[in-house]
Amino acid sequence: MEEIRLGREIHRLDNLMGRAIGQAKESLGLTATQGFVLGYLARHKDEPPLCLRDLETRFDLTHPTVSGIVSRLEAKGAVSHTSGERAKLYAPLLDRRDAA
């Protein structure tokens, strides 16, 4: 009996969170994944810049997906995307300090 009740509460909480995330992303004009990436960057803004590969690993996404997300966030002015001195060997870098 207790397990059924807990399962219903978890389901209810999941629905509430989904609605809240949906409303937030619509008001900001972001997809859910863009919001997750931007949130991650904002939470870690005081750390050194990272390469796209870090986001690919963190979110288990392909390079084209991460590249597209970053391009769209850059177009919205949410992140800055720079190339380092060794850009041919390493992926472009994201500056998390701009994600706040």
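## Close-up views of the chain

At 22% relative accessibility, Phe-59 counts as partly exposed (buried is under 20% relative accessible area, exposed over 50%, and partly exposed lies in between, with a 1.4 Å probe and protein chains only). Please keep in mind that this is a predicted model, in which local features need pLDDT of at least 70, side-chain atom pairs count only at pLDDT 80 or more, and totals for chains, interfaces and linings use all residues. Residues are numbered from 1 along each chain as its sequence is written, and side-chain values use heavy atoms, with hydrogens and water left out.

**View A. The whole chain has four helices and three strands.** Starting at the N terminus, the elements follow the order α-α-β-α-α-β-β. Helices (H or I, at least four residues) and strands (E, at least two) are DSSP runs numbered from the N terminus. The chain has 100 residues, and 23% of them count as buried. Among the contacts in the chain with a separation of 6 or more, 55% come from residues 24 or more positions apart; a contact means heavy atoms within 4.5 Å.

**View B. Tyr-40 and Phe-59 form an aromatic pair.** The structure holds one such pair. Its geometry is edge-to-face, with 5.7 Å from centre to centre and 85 degrees between the planes. Rings of Phe, Tyr and Trp (its six-membered ring) pair if their centres lie within 6.5 Å, and planes under 30 degrees apart count as stacked, over 60 as edge-to-face and the rest as tilted. Tyr-40 sits in helix H2 and Phe-59 in helix H3, so the pair ties together parts that are 19 residues apart in sequence. With a relative accessible area of 15%, Tyr-40 is buried, whereas Phe-59 is partly exposed.

**View C. Helix H2 packs against helix H4.** H2 covers residues 32-43 and H4 covers residues 63-75; their axes are 10 Å apart and the angle is about 75 degrees. That makes H2 roughly perpendicular to H4. Axes are lines fitted to C-alpha atoms, for helices over the stretch in contact, and angles run from 0 to 180 degrees between N-to-C directions. Angles under 35 degrees count as roughly parallel, over 145 as roughly antiparallel, 65 to 115 as roughly perpendicular and the rest as oblique. Look for Thr-33, Gln-34, Val-37 and Leu-38 on the H2 side, where they meet Ile-69, Arg-72 and Leu-73 of H4. By class, this contact of H2 with H4 has four nonpolar, two polar and one charged residues. Here Ala, Val, Leu, Ile, Met, Phe, Trp, Tyr, Cys and Pro count as nonpolar, Asp, Glu, Lys and Arg as charged, and the others, Gly among them, as polar.

**View D. Glu-9 and Arg-12 share a salt bridge in helix H1.** From N to O, the distance is 3.8 Å. A salt bridge is a side-chain nitrogen of Lys or Arg within 4 Å of a carboxyl oxygen of Asp or Glu, and by this rule the count comes to two. The two residues are three apart in H1 (residues 2-28), which means that Glu-9 and Arg-12 are separated by about one helical turn. Glu-9 is partly exposed, at 43% relative accessibility, while Arg-12 is exposed, at 52%.

**View E. Arg-53 and Glu-56 form a salt bridge in helix H3.** Their closest N and O atoms are 3.0 Å apart. H3 spans residues 52-59, and these partners are three residues apart in H3, separated by about one helical turn. Arg-53 is exposed, with a relative accessible area of 53%, whereas Glu-56 is buried, at 7%. Setting aside its neighbours within four places in sequence, Glu-56 is in contact with Leu-61, Thr-62, His-63 and Val-66. Leu-55 also belongs to helix H3 and is buried, at 1% relative accessibility. From C-alpha to C-alpha, Leu-55 and Ser-67 are 9.6 Å apart in space, and they are 12 residues apart in sequence.

**View F. Asp-60 lies in the loop between H3 and H4.** Its phi is near 55 degrees, a positive value in a residue other than glycine. Most residues other than glycine have a negative phi. With a relative accessible area of 70%, Asp-60 is exposed.

**View G. Ala-32 and Gly-22 are 10 residues apart along the chain.** The C-alpha atoms of this pair are separated by 7.5 Å. Ala-32 is part of helix H2 and is partly exposed, at 28% relative accessibility.
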